[in-house]
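Please load the model in your viewer and keep the selection panel at hand. The tour below moves from one selection to the next and says what is to be found at each stop.

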Amino acid sequence: MSLKTPLIDAVVLGLAAAAGAWVFSRWDGALRLVLLLALAGAYVALRQPHLGVAALDRLLLAARAFHWRHEQGRHHAFGGVTLRVEDDGRHQWVGGAGLRRVLGSQDADDVLAARHAGRWRRDDEGELLLRVDAVVEVLTHGPGRMDPRTVRLRRYFEREVLFPAAERRRRRQQRGS
């Protein structure tokens, strides 16, 4: 996410708030609406506080979901190293640079791509992405497969990336049927 995206969001939100304030100032019924909302809020606060707390909780949850919408389901880290993981609907992909840092490897992109033959691609910026299932297969059968860090990384990919993605696909198919 670039710096421009939050700036654009802030400008649009500011313009929308200014337009709403202008419309509200021109509307004759604005004072009546504010008084009605204030009375309703006072009633809920005094007579039905559980409704107010539930509404506030839903509002905060919606605001939190809106704030983190760009990061939802995309944050993965192993051993303090952030991993770029993408889901294209069919496969999960992990960034080659992060995988190299986790494994402590100095292999070039073409070496990693050759090791995962036919199961790699480049994104729009040219970064190498490897299919997670192929990475798990290489970690399972490759040299150093019994190294504790390699075993933990393989389990991490299976439990935190592949299994949740398979569950999401399964739920989508059940809803579509």
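What follows is a walk through a surface patch, some ring contacts and some salt bridges of this structure, which is a predicted model.

**Stop one: a nonpolar patch**

Begin by selecting Phe24, Trp27, Leu33, Val34, Leu36 and Leu37, and show their surface: together these residues form a nonpolar patch with about 570 Å² of accessible area. Which helix gives the most to this patch? Colouring residues 30-47 picks out helix α2, which contributes 4 residues and so gives the most to the nonpolar patch. Leucine 33 is a residue to centre on here, since its place is in helix α2, and with a relative accessibility of 33% leucine 33 counts as partly exposed.

**Stop two: aromatic rings**

Next, turn to the rings, for which a search of the whole structure finds 3 aromatic pairs. Select phenylalanine 78 and tyrosine 156 and draw a line between the ring centres, which lie 5.7 Å apart; the planes of the two rings stand at 55 degrees, so the pair is tilted. Because phenylalanine 78 lies in strand β1 (residues 75-78) and tyrosine 156 in helix α7 (residues 148-176), the pair ties together parts that are 78 residues apart in sequence. Are these two rings buried or exposed? Phenylalanine 78 is buried, with a relative accessible area of 9%, and tyrosine 156 is buried as well, with a relative accessible area of 14%. Add Phe157 to the selection, and you have the cluster into which ring pairs link Phe78, Tyr156 and Phe157.

A contact of another kind involves tryptophan 93: select this residue with arginine 121, and you will find that arginine 121 lies over the face of tryptophan 93, at 4.7 Å from the ring centre.

**Stop three: salt bridges**

Side chains of opposite charge can pair when their charged atoms come close. The structure holds 12 salt bridges, and arginine 84 is a suitable residue from which to begin. Its side chain meets that of glutamate 86 in a salt bridge, with an N to O distance of 2.2 Å. Arginine 84 is partly exposed, with a relative accessible area of 27%, and glutamate 86, at 23% relative accessibility, also counts as partly exposed.

Keep arginine 84 selected and add aspartate 123, for the side chains of these two residues meet in a salt bridge too, at 2.5 Å from N to O. Arginine 84 lies in strand β2 (residues 81-87), whereas aspartate 123 lies in the loop between β4 (120-122) and β5 (128-131), so the pair ties together parts that are 39 residues apart in sequence. Aspartate 123, at 10% relative accessibility, counts as buried.

Now return to helix α7 and select arginine 154 and glutamate 158, whose side chains meet in a salt bridge at 3.9 Å from N to O. Both residues lie in helix α7, 4 residues apart, which is about one turn of the helix. Arginine 154 counts as buried at 17% relative accessibility, while glutamate 158 counts as partly exposed at 33%.

For the last selection, take Arg84, Glu86, Arg121, Asp123 and Glu127 together: salt bridges that share partners join these residues into one network.

Definitions and conventions. Residues are numbered from 1 along each chain as its sequence is written. This is a predicted model: local features need pLDDT of at least 70, side-chain atom pairs count only at pLDDT 80 or more; totals for chains, interfaces and linings use all residues. Side-chain values use heavy atoms; hydrogens and water are left out. Patches are made of residues with over 30% relative accessible area and no salt bridge: like charges are joined within 9 Å, nonpolar side chains (Val, Leu, Ile, Met, Phe, Trp, Tyr) within 5 Å. Accessible areas come from the Shrake-Rupley method with a 1.4 Å probe; for residues, only the protein chains shown count as cover. A salt bridge is a side-chain nitrogen of Lys or Arg within 4 Å of a carboxyl oxygen of Asp or Glu. Helices (H or I, at least four residues) and strands (E, at least two) are DSSP runs, numbered from the N terminus. Buried means under 20% relative accessible area, exposed over 50%, partly exposed in between (1.4 Å probe, protein chains only). Rings of Phe, Tyr and Trp (its six-membered ring) pair if their centres lie within 6.5 Å; planes under 30 degrees apart count as stacked, over 60 as edge-to-face and the rest as tilted. A charge sits over a ring if NZ of Lys or CZ of Arg is within 6 Å of the ring centre and within 35 degrees of the ring normal.
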